[in-house]
Amino acid sequence: YKLSVSPEMDIMEYCRKEWRGNTPVAKRMRKGYEAVAQKFASIRRIRGDNYCAFRATLFQALSQATQLPRWLQSEDFTMLPENLLSKYDWIKQWQLKQKPGKKMGEISDEIKEYLILLRKKWKNISEIKDPLEKQEACDKLFKNEEEEYSLYEALKFLMLNTAIELYNADKSGRRVPVFSWLLFARDTSSNPCQLMHNHLNHIGHSGGLEQVEMFLLAYALQYTIQVYRLYKYSTDEFITLYPNDLEEDWPVVTLITEDDRHYNIPVRMCQETML
């Protein structure tokens, strides 16, 4: 059984193990890790399936959660699947993660269940005051495969909802963030229905999140996702923010990637950075 989030390890030790050679790439990676090590002491490896961007982001968000986000508190949050299905018949083709031995019910009931689970877990973990206990609760959640994958289904559905909101806002002439134009400028996702069929339905199965979808995830969660992109070390894209126009009151989570495909997480901020 593979751990979803492995125990922490010293960042520079990890780097030395992974990048031994003297190739230009290895040198650049080492420099990148050195820069991250100025801020963070350790790294935790994230299980490398096609959910790793979700896993890394959600793990970081829950690890530092001290309250339930506003959008999770709203009364009609769990009514989302019902409301959307009443307007958009095509959502019935949403690809649910088939759970072995479980009969699939109504799609809206299934997704509602995932959304309720997301709210419950977020609430429980954010109420834990002791940092060690909070960390243990996160570790425990990410060892429960059934629950973990249900949470990713909830995140995917929230991304679809956000995409629909942005698409409709743009169509009615309201201002939308630039990434939203890029999202719907792709041949494969010129509207939310195509986005669902060609992208969201495949996340976790045959593909991970593309760059533009990292923005969508950030908007869905109302979190700023800060990513150290190690292969971009010494360029102005080394630290990339999704969204890049910083939202004042959004919390920030930090991830590390070597290639924009797989994400790990830095942990334990160095003391001087915290001051």
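Biologist: What makes up the secondary structure of the protein chain?

Modeller: In this predicted model, the secondary structure of the protein chain comes to 12 helices and 6 strands, where a run counts as a helix with at least four residues and as a strand with at least two.

Biologist: How do you know in which order the strands of the sheet lie, and which are the edge strands?

Modeller: The open sheet has 6 strands in the order β1-β2-β6-β5-β3-β4, with mixed pairing. The strands β1 (9-10) and β4 (239-242) are called edge strands because each pairs on one side only, and pairing requires at least two bridges between two strands.

Biologist: Why are β1 and β2 called paired?

Modeller: The requirement is at least two bridges, and 2 bridges join β1 to β2, which run antiparallel, so the two strands count as a pair. One of the partnerships sets M9 against I43 in β2.

Biologist: What joins β2 to β6, and which residues stand opposite each other?

Modeller: β2 and β6 pair in the antiparallel sense over 4 bridges. F40 has M269 of β6 as its bridge partner, while I43 stands opposite P266 in β6. I43 is thus named on either side, being also the bridge partner of M9.

Biologist: How do you know that β5 and β6 are paired, and what lies between the strands of their hairpin?

Modeller: Strand β5 (residues 252-257) and strand β6 (residues 263-269) run antiparallel and are joined by 2 bridges, which meets the requirement of at least two. T257 stands opposite Y263 in β6, and I256 has N264 as its bridge partner there. The hairpin has 5 residues between the strands, and D260 takes a positive phi near 65 degrees.

Biologist: Which helices touch the sheet, and at what angles?

Modeller: Helix α2 (residues 24-37) packs on the sheet, touching β2 (40-44), β3 (224-229), β5 and β6, and its direction makes about 120 degrees with that of β2. Helix α3 (residues 52-63) lies across β2, β3, β5 and β6, running at about 20 degrees to β6.

Biologist: Why is β2 called largely enclosed by the rest of the structure?

Modeller: A residue is buried when its relative accessible area is under 20%, and 4 of the 5 residues of β2 are buried, so the strand is largely enclosed. β6 is mostly covered as well, with 5 of its 7 residues buried, and for the protein chain of 275 residues the buried share is 49%.

Biologist: What makes a group of residues a nonpolar core, and which members touch the most others in the largest one?

Modeller: The members must be buried nonpolar residues joined through side-chain atoms within 4.5 Å. The largest nonpolar core has 74 residues, of which L118 and W122 touch the most other members, and helix α8 (residues 145-171) gives the largest share, 13 residues. Leaving aside neighbours within four places in sequence, L118 is in contact with residues including L58, W71, F77 and L155. Apart from this core lies another, of 13 residues, among them C15, V36, F40 and L230. In soluble globular proteins, nonpolar side chains tend to be buried together.

Biologist: How do you know that the radius of gyration agrees with a compact globule?

Modeller: With 275 residues, a compact globule would have a radius of gyration near 19 Å, and the protein chain has 19 Å, so the two agree. The C-alpha trace spans about 55 × 40 × 35 Å along its principal axes.

Definitions and conventions: Residues numbered from 1 in each chain as written. Predicted model: local features only at pLDDT ≥ 70, side-chain atom pairs only at ≥ 80, totals over all residues. Heavy atoms only, no water. Contact = heavy atoms within 4.5 Å. Axes fitted to C-alpha atoms, helices over the stretch in contact; angles between N-to-C directions. Rg over C-alpha atoms; globule rule 2.2 N^0.38 Å. Buried < 20%, exposed > 50% of the residue type's maximum accessible area, 1.4 Å probe, protein only.
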